[in-house]
Amino acid sequence: MRSPIEGEAFAEVAAAFVRGVGEIVEAGAGRAWAVVGIKSRGDALAERLAAALTDASGASRFGGRVGALDVTLYRDDLSELGARAQVRATEVDFAIDGLDVVLVDDVLMTGRSVRAALESLADLGRARRVWLAVLVDRGGRELPIQPDVVGVDLSGVAGGRVAVSLVEADGVDRIELEEEARDG
Amino acid sequence: MGESADGYRWGHRDLLGLAELSAEDVRHVLRTAEGFEGVSGRSVKKVPALRGRVVVNLFFEDSTRTRASFNLAASRLSADVLEMTSKGSSVSKGESLTDTARTIEAMGVDAIVCRHHLSGAAVQLAKSVGVSVINAGDGQHEHPTQGLLDAFTIATRKGRRGDYDLSGLRVGIVGDVAHSRVARSNIHALTKLGAEVVVIGPATLAPRSFESMGCAVADDFDAALPTLDVVNMLRVQHERMSGPAFPSVREYVAGFGLTEARMARAKGDVLVMHPGPLNRGVEIVSSVADGERSAILEQVGHGLSVRMAVLFLCVLSRGG
């Protein structure tokens, strides 16, 4: 069991994450960009990206197009989840069509949340291209999903699931590796 | 993601009435409804939540609005919808409610939305089938989704979303309260969320017995109106207007119609509601129904979100 990534170490991971997305957006500076986070945690990371990535005049590269997806209704295990399901609002108040969309999540593992998010995005409109940025890649993919930006790659590290805490939701920035593997 | 963190769990296969729900249950439906609101504004007005499920609209009583609302709600959840009416089916050939329901169940449906002219029909139905039963109005008993959507509308317009605490708000329900399932479901929902409810009408239509449901009773609309934050006008049922309990239409309008003159006595931010369809010029005049203090059309939109939430929660409660 390695120690949690926090403080300086977290700041480095977050910086690598922001830098990676920044490079992609910079390379496509002529196009219209949006950033959409998967609830919960991904939406807070999307807000951070929108605040961090600005042009020379200080305006966000995403031009205010910051959204949040609740993918509960698109999950492939919704029937099994049953009465434990909590539906929250999807907040994407701009037209997706033709945009380059950076899809953001805290942890990428099986890829099932991302699959659900892609289906949800498609129902909102037709993006020109969807990019995937995750703070942590935990490995263990069950679907052919590939991230474009990874803050830290923990896919080769032994242990269980990764839990990400963020100041916005949890009061602290931290990446923890849980002790043992757990189903679900 | 997508799972409850606070340990709350929706535990109802059926929605038969609001009397048996806890305040937390009511809040959970309304919060879930918020999650469905955006669906109507998207390019694809559907989510795959109930894909492959079948919902039956089993209506033994005429209804256009409620039926259409449930149909659209189920469609937006990607469920298949089967429409059954009393006319032209075995429902009118003397087949019992239970037999009809069992036949439908044998077709492999997941939920039955039922409207019936007899109080208690939905409860009887739920006892005889193993699928979800949603009460869309049974006699004079309850119309739970109407109560939920009215609470949702009040919370929205009065800035009470989130915690859905309606305390400090005084809601008047005006008209033939005694025979109204809308009134009963409203009283349950609103009192659970902390609102003060006063039922208003002539003593024959708004009897003192309603005090046992935790609301106040008044027969002087003009005296009560200035104290109200919300006024919910019940529809006058034409078939009752010839009955002995009912005053003449002229008398009714004079005492309990929501007119411009009366509105002048109300609070500036009073919210006007009506479950529809409107009898313009009877319980409410057009200029008030269509005025800016009216939430009548918002109620329709909220009805859709609330019915999506109810179908979603009840059907999924059977798995997981």
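Start by selecting Arg2(A): it has 10 C-beta neighbours inside 10 Å, so it counts as exposed. You are looking at a predicted model throughout this tour. Arg2(A) belongs to the segment before β1 (5-6) of chain A. Beyond the residues up to four places away in sequence, Arg2(A) touches Val157(A) and Leu177(A). Now add Leu132(A) to the selection: Arg2(A) and Leu132(A) are 130 residues apart in sequence, and their C-alpha atoms are 27 Å apart in space.

**A cis bond in chain A**

Stay in chain A and go to Lys39(A) and Ser40(A). The peptide bond joining Lys39(A) and Ser40(A) is cis, with omega about -15°. Ser40(A) sits in the loop between β2 (33-38) and α2 (42-52) of chain A. As background, most peptide bonds are trans.

**Where the chains meet**

Next, show both chains. Here 25 residues of chain A are in contact with 23 residues of chain B. On the chain A side, the elements that give two or more residues are α3 (78-81) and α4 (112-124) of chain A. Which of the elements gives the most to the side of chain A that touches chain B? Select α3(A), which contributes four residues. Colour that side by class and you will find ten nonpolar, eight polar and seven charged residues.

**The sheet of chain B**

Move over to chain B and display its strands in the order β7-β6-β5-β8-β9: these five form an open sheet with parallel pairing. The edge strands, each pairing on one side only, are β7 (216-218) and β9 (271-273) of chain B. On average, and with direction ignored, neighbouring strands of the sheet are turned by 20° against each other.

Zoom in on β5 (residues 170-174) and β8 (residues 230-233) of chain B, which run parallel and are joined by four bridges. To see one pairing, pick Ile173(B); its bridge partner in β8(B) is Asn232(B).

**The helix on the sheet**

Now add helix α5 (residues 144-157) of chain B, which packs on the sheet and touches β5, β8 and β9 of chain B. The direction of α5(B) makes about 160° with that of β9(B). From its first C-alpha to its last, α5(B) reaches 20 Å over 14 residues, close to the 20 Å expected at 1.5 Å a residue.

Is α5(B) largely enclosed or largely open? Twelve of its 14 residues are buried, so α5(B) is largely enclosed by the rest of the structure. Among the buried residues are Leu148(B), Leu149(B), Phe152(B) and Ile154(B), and also Asp150(B). Follow the chain onward to Gly159(B), just after α5(B), where phi is positive at about 70°.

**Two positive phi values**

Continue to Tyr164(B), in the loop between α5 and β5 of chain B. Tyr164(B) is not a glycine, yet its phi is positive, about 50°. With 22 C-beta neighbours inside 10 Å, Tyr164(B) counts as buried.

Then jump to Ser78(B), placed in the loop between α2 (65-76) and β2 (80-85) of chain B. Its phi is near 70°, again a positive value in a residue other than glycine. Ser78(B) counts as partly exposed because it has 15 C-beta neighbours inside 10 Å. For context, most residues other than glycine have a negative phi.

**A second cis bond**

Return to the end of the sheet and select Gly276(B) and Pro277(B), which are joined by a cis peptide bond with omega about -10°. Pro277(B) lies in the loop between β9 and α11 (286-289) of chain B.

**Into the core**

For the next stop, select Val36(A), Ile112(B) and Leu311(B): of the 150 residues in the largest nonpolar core, these touch the most other members. Helix α12 (residues 296-316) of chain B gives the most to this core, with eleven residues. Centre the view on Leu311(B); its contacts outside four places in sequence include Leu50(B), Val55(B), Leu77(B) and Ile134(B). In soluble globular proteins, nonpolar side chains tend to be buried together.

**Last stop**

Finish at Leu16(B), in the segment before α1 (23-37) of chain B. Leu16(B) has 24 C-beta neighbours inside 10 Å and therefore counts as buried. Leaving out residues up to four places away in sequence, Leu16(B) touches Ala122(B), Val123(B), Ala126(B), Val133(B) and Asn135(B). Ser69(B) is 53 residues from Leu16(B) in sequence and 17 Å away in space, C-alpha to C-alpha.

Note on methods:
Residues numbered from 1 in each chain as written. Chains lettered and ligands numbered in written order. Predicted model: local features only at pLDDT ≥ 70, side-chain atom pairs only at ≥ 80, totals over all residues. Contact = placed C-beta atoms within 7 Å. Nonpolar A, V, L, I, M, F, W, Y, C, P; charged D, E, K, R; others polar. Pairing = 2+ DSSP bridges. Axes fitted to C-alpha atoms, helices over the stretch in contact; angles between N-to-C directions. Buried ≥ 20, exposed ≤ 12 C-beta atoms within 10 Å, placed from the backbone. Core = buried A, V, L, I, M, F, W, Y, C linked by C-beta atoms within 7 Å. Expected span 1.5 Å × (residues − 1).
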